[in-house]
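Please open the structure in a viewer and keep the selection panel at hand. The tour below proceeds by selections, each followed by a description of what is found there.

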Amino acid sequence: MTPTTSTSSRTEKPKRGDQISDKLLRRSLIWPAIIYMIIVTQVPLLFTLRFSLERWNMNRPDRRAFTGLDNFIDVITDASFWTIIGNTFVLTGAVVLITFVLGLTFALLLNREFIGRGIVRTLLITPFLIMPTVSAIVWKNVLLDPSFGFLSKLVESVGFPTPDFLGQYPMVSVIVIVVWQWTPFMMLILLAGLQSLSHEQLEASQIDGANPFHILRYIVIPHLRRYIEIAVLMEILFILSVFGVIFITTTGGPGIQTTNLSYAIYDEAFSSRDIGDASTMGIYAIILANIVVAVFVQVLRRGSEEGVTT
Amino acid sequence: MRLSKWQGITLTTITWLLALIIFFPIVWTLLTSLKTEREAFNFPPSLIPIPSFQSDDAELDEDTDEATEEAEEDEGYSIFFEATFANYERAIFDADFGKPLINTLVITIVSTFIALLLGIPAAYGLAFKPDKRSNFTLLWLISTRMLPPAGVIVPLFLLARDLSLLDTTTGMIIIYTGMNVPLVIWMMRSFLLDVPYDILEAGRIDGVTLLQEFRYLVLPLVAPGLFATGLLCMIFSWNEFFFAFNITKSQAEPLTVYISSFKTGRGQFIALMSAASTLAVLPVVIAGWFAQKQLVTGLTMGAVK
């Protein structure tokens, strides 16, 4: 720290001039970031909105025209759109549910002292650090491939017919891969929650004769509530946008069996080159995500009102 | 919870087993990367690498020499195999790994740096000089971070095309900076709020400038948080695929896109692919291991510490 000789105006009561300069200071600190974010997120958003109201296929640019809400009606009256929404919900729901159960299990197992605890924790978080494209490539070629994959050969070697996991059970395979990637996320957050739970409380309830299930149900889970809410909501938002794993393992198929909303938008925009419909589906995706964000914001608000860490 | 000795040992064993199962695909990839393409297909697999006594060149020849391989096969199953780094050599020197690696490094480092440059002052303002709108600003920032990439990819692609930013690292840096600014603001704000107010007050009485206040009073206290924030931005940028895949082609493609090109290589280059994959994830995995404690704060944007 450098002591200065200049007298500071901040030691006196703030005058009107100070308030103005304070306001100016705040603005010059905050606004560069805000302006940047408006340009890179809100401007594209407005463009998506505009394109969603147009008939515009890049293969037929001459037919480009403003068509109002036509795209919105076309998209939701298309049966395949509902299959895609269904896939998106199945994938997101299954992944969140399974990672929650696994994540909580691992968090509970790690919430005690044992030999090599640090190493186990390190092993368990690693899948989350690996780039999703690498995970997908490795699962596809090294583990699930019908001719060369380790898991296929393992199943084969116990006497079953060689399975073609990605061909026969495409959605299950995708779910398994995404669960593998996201279990550490759930585990880390729930573990942070468990570590803030006092041991006295647990021991007291044990002395009172509560069985482990009751302790989990009535003490641990309620304590973890906020952590669970944050982890689940954030994971929903990320899983809604899963793309890489689907692109690499199944390219949305067979048919559209594993096409989720993200993949469908990519396909519509870059294969069918239909900017109008792709943008309309983009708007639906944004609406869907924002419903979840709204709940998330409520959770954060409640947290700051209760004085929990914000 | 209190457990008997045997309960404890059982639980520890179960925990270790589960962890090893989860970690198995990674071990498997590592082992495959050390085998020849031929060995990589063997089942039951050889599990324990032993140091190779041959030079790498000799092993490369072996790859193409059918006779040697036939002979090898006749030897029957062995749990040991000779580790070779030939796949790593091939990945780095023959398989164009260098360019995507440099692209990834440039995009990751520059976008993280700009995000910190924009985000830290904003976090400072929001933490120490909040006003009525600060709460709204913070929540709005979350909504930008959580914006589904697919919802804005069409205009981003068209804008990038019209501004000649398609397939450039500059285009990727602009997008990734946008991805990281909200993260920086939320994380840094949560770390800044932990700075004791007395320290700031003392500095203000001494009349330090804002820059001095940050440099000499705040920075030493938030340095670990700053480090974690930067690291997390890098992890996210390093691993991102959707934008990279749609905005770049051969010139600016980062590692994620490069790796995805093995998608159709089905089985032919399993060992090479494993080596390239290992190289691609290594920096981030190691960084993540060291930043385990801060990972939680980062993943929840500072909502959980």
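## Across the interface: an antiparallel pair

Helix 5 of chain A and helix 14 of chain B are roughly antiparallel to each other, because angles over 145 degrees are assigned to that class. The model is a predicted one. To view this pair, select residues 132-144 of chain A together with residues 270-290 of chain B; the two helices pack at an angle of about 160 degrees, with their axes 10 Å apart. Their crossing is left-handed.

Next, display the side chains at this contact. From helix 5 of chain A, show Val134(A), Ile137(A), Val138(A), Asn141(A) and Val142(A). On the facing helix 14 of chain B, they meet Ile270(B), Met273(B), Ser274(B), Ser277(B), Ala280(B) and Val281(B). By class, the residues of this contact between helix 5 of chain A and helix 14 of chain B comprise 8 nonpolar, 3 polar and no charged.

## An oblique pair between the chains

Now select helix 4 of chain A (residues 117-129) and helix 15 of chain B (residues 292-299). These helices pack at about 45 degrees, and their axes are 12 Å apart. Helix 4 of chain A and helix 15 of chain B are therefore oblique to each other, and their crossing is left-handed.

Show Arg121(A), Thr122(A), Ile125(A), Phe128(A) and Leu129(A) in helix 4 of chain A; they meet Gln292(B), Lys293(B), Leu295(B) and Leu299(B) in helix 15 of chain B. The contact of helix 4 of chain A with helix 15 of chain B divides into 5 nonpolar, 2 polar and 2 charged residues.

## The salt bridge between the chains

Which residue of chain B forms a salt bridge with Arg26(A)? Select Asp131(B): the closest N and O atoms of the pair are 3.4 Å apart. Asp131(B) lies in the loop between helix 6 (98-128) and helix 7 (134-145) of chain B, and Arg26(A) lies in helix 1 (residues 16-52) of chain A, so the pair joins two chains. Side chains of opposite charge can pair when their charged atoms come close. The count between chain A and chain B is 1 salt bridge, while the whole structure holds 8 salt bridges over all chains.

## The whole interface

Select both chains and colour the residues in contact. Chain A contributes 107 residues and chain B contributes 109 residues. The area buried between chain A and chain B is about 9900 Å², and carbon and sulfur atoms give 76% of that area.

## Within chain A

Finally, hide chain B and select helix 3 (residues 79-110) and helix 8 (residues 170-195) of chain A. The axes of these helices come within 6 Å and cross at roughly 45 degrees. Helix 3 of chain A and helix 8 of chain A are therefore oblique to each other, and their crossing is right-handed. The contact of helix 3 of chain A with helix 8 of chain A has 24 nonpolar, 4 polar and no charged residues.

Terms used
Residues are numbered from 1 along each chain as its sequence is written. Chains are lettered from A and ligands numbered from 1 in the order in which they are written. This is a predicted model: local features need pLDDT of at least 70, side-chain atom pairs count only at pLDDT 80 or more; totals for chains, interfaces and linings use all residues. Side-chain values use heavy atoms; hydrogens and water are left out. Axes are lines fitted to C-alpha atoms, for helices over the stretch in contact, and angles run from 0 to 180 degrees between N-to-C directions. Helices (H or I, at least four residues) and strands (E, at least two) are DSSP runs, numbered from the N terminus. Angles under 35 degrees count as roughly parallel, over 145 as roughly antiparallel, 65 to 115 as roughly perpendicular and the rest as oblique. A crossing is left-handed if the near helix is turned anticlockwise from the far one by less than a right angle, and right-handed if clockwise. Ala, Val, Leu, Ile, Met, Phe, Trp, Tyr, Cys and Pro count as nonpolar, Asp, Glu, Lys and Arg as charged, and the others, Gly among them, as polar. Contact means heavy atoms within 4.5 Å. Buried area is the accessible area (1.4 Å probe) that two parts lose on being put together, summed over both. A salt bridge is a side-chain nitrogen of Lys or Arg within 4 Å of a carboxyl oxygen of Asp or Glu.
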